[in-house]
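Here are my notes on this one, for you to read alongside the coordinates. I've kept them as numbered points so you can answer them one by one.

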Amino acid sequence: GDNVGYYSGSRGLTGDVRSTDALLPMYVAGAVISEPPGINSLGDIVGIYYDSSFTIHSFLLSNGSFTTIEAPGGAQALASGINRHGDIVGDLDRSGTTHGFLLRNGKYSVIAVPGAKETSAAGIADEGGDIVGNFADVSRHRVHGFLLSR
């Protein structure tokens, strides 16, 4: 029943958690902006934040413990969804090319819709691990949704 999002307040763009009709501000220490787009049934939150030099980082907030999520090979990971098993999905940006990713048990898997110019993973289901997102066709003029089902 909890929701996450962000709003613009006196401290700039700020993440929040809405629980039982109360708005609970969420700040990432030292961050200029925090955006928590994903929460699971256990209350684990994933999102992105910008540090003081405006570099984007992803994070996991679980049981009060904050962890920065770093992608391998210098790619930029933008976490957007998490399921109750701790599987995280989002986007990887490598030199201007975006692909989706699945982070499961500490290992990254790239998600790329065949023939697409860019792929973005947005959410992952608890049961079965189905992944949803969108992709841009080769012309980048049209965006389509996808379901990746195991």
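1. A cut-off to start with, as I lean on it below: a residue is called buried when its relative accessible area is under 20%, exposed when that is over 50%, and partly exposed in between. Y49 has 10% relative accessibility, so Y49 counts as buried.

2. Please keep in mind that this is a predicted model. Mean pLDDT for the chain is 80, with 75% of the residues at 70 or more. The stretch I would flag is residues 12-24, where pLDDT stays under 50. The model still gives that stretch 46 contacts beyond four places in sequence. Where pLDDT is low, predicted coordinates shouldn't be read in detail.

3. Now the sheet. What is the strand order? Four strands run β8-β9-β10-β11 in an open sheet, and their pairing is antiparallel. The edges belong to β8 (76-82) and β11 (107-111); each has a single partner strand, so one side of each has no neighbour in the sheet. On average, neighbouring strands here are turned by 30° against each other, ignoring direction.

4. A closer look at one of those pairings: β8 and β9 (residues 88-94) are joined in the antiparallel sense over six bridges. If you want a register check, look for L78, which stands opposite D91 in β9.

5. Which residues make up the largest nonpolar core? There are 11 of them: V46, I69, A71, A75, A77, A79, I82, I88, L92, F101 and L103. The elements giving two or more residues to this core are β8, β9 and β10 (97-104). β8 provides the largest share, three residues. So the edge strand β8, with its single partner in the sheet, is also the element that gives most to this core. A second core, separate from this one, has nine residues, including V89, V113, I124 and F146. As background, nonpolar side chains in soluble globular proteins tend to be buried together.

6. On to the aromatics: the structure holds four aromatic pairs. In one of them, the ring centres of Y49 and F66 are 5.8 Å apart and the planes meet at 55°, so this pair is tilted. It links distant parts of the chain, with Y49 in β5 (residues 45-50) and F66 in β7 (residues 65-69), 17 residues apart. Y49, as said, is buried; what about F66? At 37% relative accessibility, F66 is partly exposed. Ring pairs also bring F59 in, so that Y49, F59 and F66 form a cluster.

7. F101 and Y108 are another pair to look at: their ring centres are 5.2 Å apart with planes at 55°, so this pair is tilted too. F101 is buried at 0% relative accessibility and is one of the residues of the largest nonpolar core. Its partner Y108 is partly exposed, at 22%.

8. Last, A116. Where does A116 sit? It lies in the loop between β11 and β12 (118-124). Is A116 buried or partly exposed? Its relative accessible area is 22%, so by the cut-off in point 1 A116 is partly exposed. Setting aside neighbours within four places in sequence, A116 contacts F135 and A136. The C-alpha atoms of A116 and H144 are 9.7 Å apart, although their positions lie 28 residues apart along the chain.

Conventions. Residues are numbered from 1 along each chain as its sequence is written. Side-chain values use heavy atoms; hydrogens and water are left out. Two strands pair if DSSP finds at least two bridges between them. Axes are lines fitted to C-alpha atoms, for helices over the stretch in contact, and angles run from 0 to 180 degrees between N-to-C directions. pLDDT is the predictor's confidence in each residue, from 0 to 100. Contact means heavy atoms within 4.5 Å. Buried means under 20% relative accessible area, exposed over 50%, partly exposed in between (1.4 Å probe, protein chains only). Rings of Phe, Tyr and Trp (its six-membered ring) pair if their centres lie within 6.5 Å; planes under 30 degrees apart count as stacked, over 60 as edge-to-face and the rest as tilted. A nonpolar core is a set of buried Ala, Val, Leu, Ile, Met, Phe, Trp, Tyr and Cys residues joined through side-chain atoms within 4.5 Å.
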